[in-house]
Amino acid sequence: MTAAYTQVAPIFSQSAAGRHTSPHWPDIDLSGVQQDLDDLPATALRSQPPLLPELSELQVMRHFTRLSQRNYAIDSHFYPLGSCTMKYNPRVCHTLAMLPGFLERHPLLPEHYGQGVLSCLYELQEMLSYVTGMSQFSLSPMAGAQGEFAGVAMIRAYHRSRGDVARCEMIIPSAAHGTNPATASMCGFRVREVPVTADGDVDLEALQAAVGPQTAGLMLTNPSTLGVFERRVEEIAHIVHQAGGLLYYDGANLNAIVGRVRPGAMGFDAVHINTHKTFATPHGGGGPGAGPIGVNERLQPFLPLPLVERDAQGLCRLAGESDRPQSIGRLTAFAGNVGVLLRAYVYLRLLGSDGLHRVSTYATLNANYLMERLRQAGFKLAYPQRRATHEFIVTLQPEAHQFGVTALHVAKRLLDYGCYAPTVYFPSLVPECLLIEPTETESLEELDQFVAALTAIRQEAISDPELVRNAPHHTPVQRLDETRAARHPDLVWRPSL
């Protein structure tokens, strides 16, 4: 199963003096450009031509095509990154979102010229409300982190609107995503952490002791980052609400329950959704993203702008500040990342409610299948008495103690087997952990290959631990000094002397 990588020669090594893509360029009048250059100070001008390779067009094409073939992508490989939900993006979603009527509409055009796109966005708001059990959604946040910020900012605005300014603490379980305490701090709250029990649930006694008149709310992911469902979530909601706080739902793990359980039914007041996770819009590379935020009735006046509204005649419009004077304001220009939202809209229309139920069914089935297969192969589960949700945790602490092979070593060795590694060392509560999420889009054959790769690596850890510790061996770039690479990156090519 070892991956075969094609080495790509550095582009400068293919260069030859005088080689170019075309023997003749059309005559271009550069007089205006030269005048602009004359106005620049001498310190801003080059003293010699830039160092560029001299190549034929075919060489350029082959070079960049070979580089693209070295990319690791969901279109070509399995991506079991826990908590990230890296699943296949149906091509029909991309195709329909790029129809000329969507792609070429300028956002400053009058609304009566954009009824098609506004209708789609309105229907998306309604579908997300149905899926989550919320009253209304705003689509304007352009990432999950921004949707999370909007949710906590609305909780702050709600308490301030009531004159309840003493509520200065946000409670966050120790198993939360790292963005949760960061968001709470950005919104001006003190973070109050509560622990989880040995079986992965929030410690209710600690929560009861933490709440009080200072409690603004609680940020919770369910299923949690530990890969288990919070079984006493209704009791958690009762404790927080009784203390006067509100519940915020981090939608990062919605893929496990979509079409099956609504966060609103669990008692949550605000929910953000990562459409690039649950609803299969593009993911990775820093964007694009979308993080719609939904709320119940009490938080509805504070939703970020703009919102898409539909009047009695069926015409859609963007509601602004005059319509929602208590809104927390605008987070983005225009209506958010519309291209990504349209992909989510198409995805939801394709699946329907029955299809969404299948998403969570197969996501949890695949995770539990993998978990059981790896348990049989000798791996230690972090929570062996709990069923997996859409993801689960394996701890390599026994292998680290017995053979000196850590989770990072195993992750690097997986690259030699042509597989992207799962999330490592998160959540930090579990030592030497792999957080594994297969998603619903992977086949049984793909899951079996992943099990075979991990099983083989575990046997290597027993018989030849040095092989695993020095991995990867067959990738274009092998073992790196990661600390040096992070602190002293060398990003500039220089000709050898």
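## Close-up views of a predicted model

**View 1. Arg231 and its partner Asp199.** With a relative accessibility of 48%, Arg231 counts as partly exposed, because that label covers values between the buried limit of under 20% and the exposed limit of over 50%. Please keep in mind as you browse these views that the model is predicted. Asp199 is also partly exposed, at 33% relative accessibility. What do the side chains of Asp199 and Arg231 form where they meet? They form a salt bridge, at 2.9 Å from N to O. Asp199 sits in the loop between strand E3 (190-194) and helix H8 (204-210), while Arg231 sits in the loop between strand E4 (215-220) and helix H9 (233-242), so this pair ties together parts that lie 32 residues apart in sequence.

**View 2. A salt bridge between helices H12 and H15.** Here the side chains of Arg373 and Asp448 meet in a salt bridge, 2.8 Å from N to O. Arg373 belongs to helix H12 (residues 338-376) and Asp448 to helix H15 (residues 444-463), so to speak two distant parts of the chain, 75 residues apart. Both partners are partly exposed: Arg373 has a relative accessible area of 28%, and Asp448 stands at 26% relative accessibility. Turning back to the residues of View 1, salt bridges with shared partners join Asp199, Asp201, Arg231 and Arg386 into one network.

**View 3. Arg91 at helix H3 and Asp75 in a loop.** How many salt bridges does the structure hold? There are 23, and one of them is made by Arg91 with Asp75, whose closest N and O atoms are 2.3 Å apart. Arg91 is in helix H3 (residues 91-97) and Asp75 in the loop between helix H2 (57-69) and H3, 16 residues away, and the pair links distant parts of the chain. Is Asp75 buried or exposed? Asp75 is exposed, because its relative accessible area of 52% is over the 50% limit. Arg91, at 36%, counts as partly exposed.

**View 4. The largest nonpolar core, with Leu128 in focus.** This core has 54 residues, among which Leu128, Leu207, Phe268 and Phe279 touch the most other members. At least two residues each come from H3, helix H5 (115-132), H8, E4, H9, strand E5 (246-251), strand E6 (270-273) and H12. Which of the elements gives the most to this core? That is H12, with 10 residues. Setting aside neighbours within four places in sequence, Leu128 is in contact with Phe137, Leu139, Ile273, Phe279, Pro292 and Leu348. A second, separate core holds 30 residues, including Phe78, Leu396, Val410 and Phe450.

**View 5. The sheet of seven strands.** This open sheet has mixed pairing, and its strands follow the order E1-E7-E6-E5-E4-E2-E3. Strand E1 (136-138) and E3 are the edge strands, each pairing on one side only. From one strand to the next, the twist averages 25°. Helix H5 packs on the sheet and touches E1 and E6, with its direction at about 125° to that of E1.

**View 6. Strand E2 and its partners.** Strand E2 (residues 169-173) is mostly covered, as five of its five residues are buried. Glu169, Ile171 and Pro173 point one way from E2, and Met170 and Ile172 point the other way. Which strands pair with E2? E2 pairs with E3 in the parallel sense over five bridges, and with E4, again in the parallel sense, over three bridges. To find your way by residue, look for Met170 with its bridge partner Val191 in E3, then for Ile171 with its bridge partner Leu218 in E4. E2, helix H7 (residues 179-186) and E3 together make a right-handed β-α-β unit.

**View 7. The sheet of four strands, with helix H12 across it.** This open sheet is paired in the antiparallel sense, in the order E10-E11-E13-E12. Its edge strands, each pairing on one side only, are strand E10 (380-381) and strand E12 (423-424). E12 and strand E13 (residues 433-436) pair over two bridges in the antiparallel sense, and Thr423 stands opposite Leu435 in E13. Helix H12 lies across E10, strand E11 (392-395) and E13, and runs at about 15° to E11.

Notes: Residues numbered from 1 in each chain as written. Predicted model: local features only at pLDDT ≥ 70, side-chain atom pairs only at ≥ 80, totals over all residues. Heavy atoms only, no water. Salt bridge = Lys/Arg side-chain N within 4 Å of Asp/Glu carboxyl O. Buried < 20%, exposed > 50% of the residue type's maximum accessible area, 1.4 Å probe, protein only. Core = buried A, V, L, I, M, F, W, Y, C linked by side-chain atoms within 4.5 Å. Contact = heavy atoms within 4.5 Å. Pairing = 2+ DSSP bridges. Right-handed = clockwise from strand over helix to strand, strands pointing away. Axes fitted to C-alpha atoms, helices over the stretch in contact; angles between N-to-C directions.
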